[in-house]
Amino acid sequence: MNGRLFAVCCIVLVAACLWASVPSAAHAKTQLMSGGIQDVDPQTLKELLSTFEQAEQAMRAHDIDGIMALYSDDYLYHGLKKADVQKIWKQLFDYYKELESFHTFSVVRTVGSASKLVAEITCTGVVWGTSKDTTLRTPVDSWYEEIHYLKKENGRWRIVGNVGESQPVLQFGIAPHPLF
């Protein structure tokens, strides 16, 4: 097992243990890693965290419009566009109930300036769901040290996918994770 896959498995296992051992209302869905890098002002940090809280609320409510409002119209991730991600979310809402996510941010920073300002958030996390058919609780998506890119549009931070050239999707070993 390669190191990255092992790390993702460990994250999923820890998230599963936390999910199983803590009452639902006490879950910290988005957290900043102790000792992580926060190179943003307090207001920007608050706005970025709010974006992920809004995503969590929309996901739990199966609110496709609410979740898609968090994506930039220019969204592009490994060839997937905003309409493609909307189809993925619709399928998740069709097949899963009780969706929830956990995000641990190790780096939060902005690069560029003015209209070219981009937030880069290095994140490890997981999206869980309960199958409507089998009632099994399973990880739907997980990632380790991925960078979420967001830009401000009309006064609101939105998910943009990749910044610059996109790497091709790898066939084996590492799957892209377009949800956040």
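## Salt bridges, a helix and one serine: worked exercises

E56 counts as buried, at 6% relative accessibility (buried is under 20% relative accessible area, exposed over 50%, partly exposed in between, with a 1.4 Å probe and protein chains only). Keep that residue in mind for the first exercise.

A quick note before starting: this is a predicted model, where local features need pLDDT of at least 70, side-chain atom pairs count only at pLDDT 80 or more, and totals for chains, interfaces and linings use all residues. Residues are numbered from 1 along each chain as its sequence is written, and side-chain values use heavy atoms, with hydrogens and water left out.

**Exercise 1. Find the salt-bridge partner of E56 and place the pair in the fold.**

- Step 1: look for a side-chain nitrogen of Lys or Arg within 4 Å of a carboxyl oxygen of Asp or Glu, which is what a salt bridge means here. For E56 that turns up R60, with the closest N and O atoms 3.9 Å apart.
- Step 2: locate both ends. They sit in helix α2, 4 residues apart, or about one turn (helices are DSSP runs of H or I with at least four residues, strands are E runs of at least two, numbered from the N terminus).
- Step 3: recall that an α-helix has 3.6 residues a turn, so residues three or four places apart point the same way.
- Step 4: check the partner's surroundings. R60 is partly exposed, at 42% relative accessible area.
- Step 5: widen the view. K29, E56, R60, E100 and R137 are linked in a network of salt bridges.

**Exercise 2. Work out which strands the D74–K151 salt bridge ties together.**

- Step 1: get the distance. The side chains of D74 and K151 meet at 2.9 Å, N to O.
- Step 2: assign the strands. D74 lies in β2 (residues 71-77) and K151 in β6 (residues 137-153), so the pair ties together parts 77 residues apart in sequence.
- Step 3: compare exposure. D74 is exposed at 53%, while K151 is partly exposed at 23%.

**Exercise 3. Describe the setting of S106.**

- Step 1: S106 belongs to strand β4, residues 96-111.
- Step 2: with 10% relative accessibility, S106 counts as buried.
- Step 3: leave aside neighbours within four places in sequence, and S106 is in contact (heavy atoms within 4.5 Å) with M33, G36, I37, T122 and E145.
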